[in-house]
Amino acid sequence: MNRSVLVILIVGFLVVFIAVQQVFYVVDEINYAVVIQFGEIQAVSNTPGLKAKIPFIQQVTFLEKRMLTSDTIAQEYLTSDQKRIQVDQITRWRIKDPKKFYLKFSTEELGRLRLGEVILGSLRAKVGESSYYVMISDKRDLILESVIVSAQTTTDAANWGIEIRSEER
């Protein structure tokens, strides 16, 4: 009898433990929480704290609020005077609208990959319009700033819900 009570208590404790983990989730101050039910967004939480959801029906995806950094692989480009130059672009960005971002990408990694493609395309176009001597002068910062502006225009037009920032020096 004593053994069966112990087994019931352990099983009961495990059931309660699993139920609590399925009902509650914690949103950190560095994250957005996107609650998804049957593939549709039910809620987006940007305030920190303990939140509740419907167990086994709703899932929670966390997205970063902080500034994110994407480093493209150094690639060779042709300048307008047909000289080769190797460029490595570092992009700082953040998610400003988690609902739009989730609808487009569902994960930060997919968003980072797609943003990298847009940055590289814009970079290729801007380097191709500029001469080699402009690219190695201090005017290259203006060109890289125009890459950021071009990429931001592209992401805004496509409703990505991100903000791209230029590198502060």
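Two strands are taken to pair if DSSP finds at least two bridges between them. Strands themselves are DSSP runs (E, at least two residues), and helices are runs of H or I of at least four residues, both numbered from the N terminus. The model looked at here is predicted, so local features need pLDDT of at least 70 and side-chain atom pairs count only at pLDDT 80 or more, while totals for chains, interfaces and linings use all residues. Residues are numbered from 1 along each chain as its sequence is written, and side-chain values use heavy atoms, with hydrogens and water left out.

On that footing, the secondary structure of the chain comes to five helices and ten strands. A compact globule of 169 residues would have a radius of gyration near 15 Å, whereas this chain has 24 Å (taken over C-alpha atoms; the globule rule is 2.2 Å times the number of residues to the power 0.38). Along the principal axes, the C-alpha atoms fill a box of roughly 90 × 30 × 25 Å.

One open sheet has three strands in the order S3-S2-S5, paired antiparallel. Its edge strands are S3 (40-45) and S5 (58-64), each of which pairs on one side only. Neighbouring strands in this sheet are turned by 25 degrees against each other on average, direction ignored. Strand S2 (residues 31-37) is joined to S5 by seven bridges, and the two run antiparallel. Val 35 sits opposite Val 60 in S5. Helix H2 (residues 98-105) lies across S2, S3 and S5, running at about 145 degrees to S3. Such angles run from 0 to 180 degrees between N-to-C directions, with axes being lines fitted to C-alpha atoms, for helices over the stretch in contact.

A further open sheet is built from three strands in the order S6-S9-S10, again with antiparallel pairing. Strands S6 (68-71) and S10 (162-165) stand at the edges with a single partner strand each, so one side of each has no neighbour in the sheet. From one strand to the next, the twist averages 35 degrees. Four bridges link S6 to the antiparallel strand S9 (residues 90-95), and Ser 70 has Thr 91 of S9 as its bridge partner. H3 packs on this sheet, touching S6, S9 and S10, and its direction makes about 135 degrees with that of S9; contact here means heavy atoms within 4.5 Å.

Helix H3 (residues 108-129) also packs against helix H5 (residues 140-157), at an angle of about 135 degrees and with the axes 9 Å apart. That makes H3 oblique to H5 (angles under 35 degrees count as roughly parallel, over 145 as roughly antiparallel, 65 to 115 as roughly perpendicular and the rest as oblique). Residues making the contact include Leu 115, Val 118 and Ile 119 of H3, along with Ile 143, Leu 144 and Val 147 of H5.
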